Amino acid sequence: MAGFASGAFLRLAEAIGASQSAEWTPSPAVEALRNRDPIAWTHLFEREAPAIYRYVIARVGSPEEAEDLVSRTFEEAWKHAEAFEDRGLPPRAWLFGIARHLTSSHRRRLFRQPPVLRLDVVEQAARERDPELLDLARAIARLPRADAEVVVLRFVHGLSAHETAAALGTTVDAVKSRQARALRKLRHALEAAPAERAGLAAKEG
Amino acid sequence: MDDFAQRLHEALTTSARHPPDPELMALVRVARRTRELPLPTATPAQIARMRRRFEERVRGSEGGLGPLAAWLGLGPRPRPLVQRVALGAAAAAIAFSGGSLAAGTTPWDAAARVGTFAVDAVRSLRPGNGAGSDEAATTPSPTVAPSTATPTPAVAEPTPDPTPEDEEDDGQRGRGAGISGGDRDRTPEPGDDRRPE
């Protein structure tokens, strides 16, 4: 798995680099990361670790495992720092891509990967805040994986279409198509949710 | 990608709060609701733990690099090329000393001999050969004995010591004195060939 992951991270770094203009000059910040400057890496960790943690815990559920995966994400990024190229995208897309790879292979059972969004992670807080949010979480969990990943990265974690494409290793057009398809499905699911809730309540009553 | 997907993307990325198309408006609203999903956030203690773990892992992988990888210029702080070339040359000299193998010695023996030779050479170049010290003069040893036993001691140290006697002693006292210096001014006498006890 290590060899595969290593190659995958390199391809990911290249994909992020190749997603924009052909000619580039690395910015000082990216150069500092590539040279493994401790201060630059400290800033990167402090800036991005909370977002990576939210992404990972939404998929694995366990805080301990999420912590481990976040530190491993930064470790992998650090190991492959020289492969990272600055093409106008922040390192966040790169980190999300690494976190996605690590989380997908974490506790993988045959062809089953961890879900894109675990309902138990958001269930209680969503119920307390707004029942519609719980409906939304359920609808996202029911989406096809490729669509759900786009929704989660684009809208839950706030990545741009370019960053999402880089993190997923796909094209920006594919991201735009998936987000349109996924949002339509979510809209229909949310419209149907109150009736479903009412039906469930009637059955239980 | 269809036109609708592109228009939706533009509606999502621009700050226009009310896109003209009602379906676009509805989808933008769904996207904005999605941002409100209450995901757990890491506490400062968790951030500190993750950071500490990351630093430990990085330190561990730094130390885990083998010498070969380090020599190849891998690792977080690659060594300068000059150092790597010098190390490579030294390693190659040891590893490829096939002649020494043919002669029945291992490359490590050969390397050890080179080291011994270097040490001997340095000792030989030292004035007084390290034997002119007070300790060597007063303490007889088998290595010193042959020079005293030689019947032609003046030949052993023919160069007179240019240092004046009253010059400040800089720790090389006995240079030119002691065994060789003392023998230089003496006429050999019978019984001089006795080894000191």
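I take two residues to be in contact if their C-beta atoms, placed from the backbone, lie within 7 Å, and I take helices as DSSP runs of H or I with at least four residues and strands as runs of E with at least two, numbered from the N terminus.

This is a predicted model, in which local features need pLDDT of at least 70 and side-chain atom pairs count only at pLDDT 80 or more, while totals for chains, interfaces and linings use all residues. Residues are numbered from 1 along each chain as its sequence is written, and chains are lettered from A and ligands numbered from 1 in the order in which they are written.

**Entry: two helices of chain A.** I looked up where α9(A), residues 161-168, meets α10(A), residues 172-204, and found A:A161, A:H162, A:T164 and A:A165 on the α9(A) side against A:V172, A:A174, A:V175 and A:K176 on the α10(A) side. I sorted this contact by class into 5 nonpolar, 2 polar and 1 charged residues, where Ala, Val, Leu, Ile, Met, Phe, Trp, Tyr, Cys and Pro count as nonpolar, Asp, Glu, Lys and Arg as charged, and the others, Gly among them, as polar. The two helices pack at about 105° with axes 8 Å apart, the axes being lines fitted to C-alpha atoms over the stretch in contact and the angles running from 0 to 180 degrees between N-to-C directions. α9(A) is therefore roughly perpendicular to α10(A), a term that covers 65 to 115 degrees.

**Entry: α5(A).** I noted that α5(A), residues 91-105, reaches 22 Å from its first C-alpha to its last, close to the expected 21 Å, which is 1.5 Å times one less than its number of residues. Of its 15 residues, 12 are buried, meaning that 20 or more other C-beta atoms lie within 10 Å of the residue's own; among them are A:W94, A:F96 and A:R100.

**Entry: the core.** The largest nonpolar core, a set of buried Ala, Val, Leu, Ile, Met, Phe, Trp, Tyr and Cys residues joined through C-beta atoms within 7 Å, has 71 residues, and I list A:F96, A:A99 and A:A137 among those with the most contacts inside it. Helix α3 of chain A, residues 38-60, gives the most to this core, with 12 residues. Leaving out residues up to four places away in sequence, I find that A:A137 touches A:L117, A:L119, A:V122, A:A126 and also B:L37.

**Entry: chain B and the contact.** I count 11 helices and 0 strands in chain B, and 11% of its 197 residues are buried. The contact takes 31 residues from chain B and 38 from chain A; on the chain B side α3(B) gives the most, with 10 residues.

Terms used
Parallel < 35°, antiparallel > 145°, perpendicular 65-115°, else oblique.
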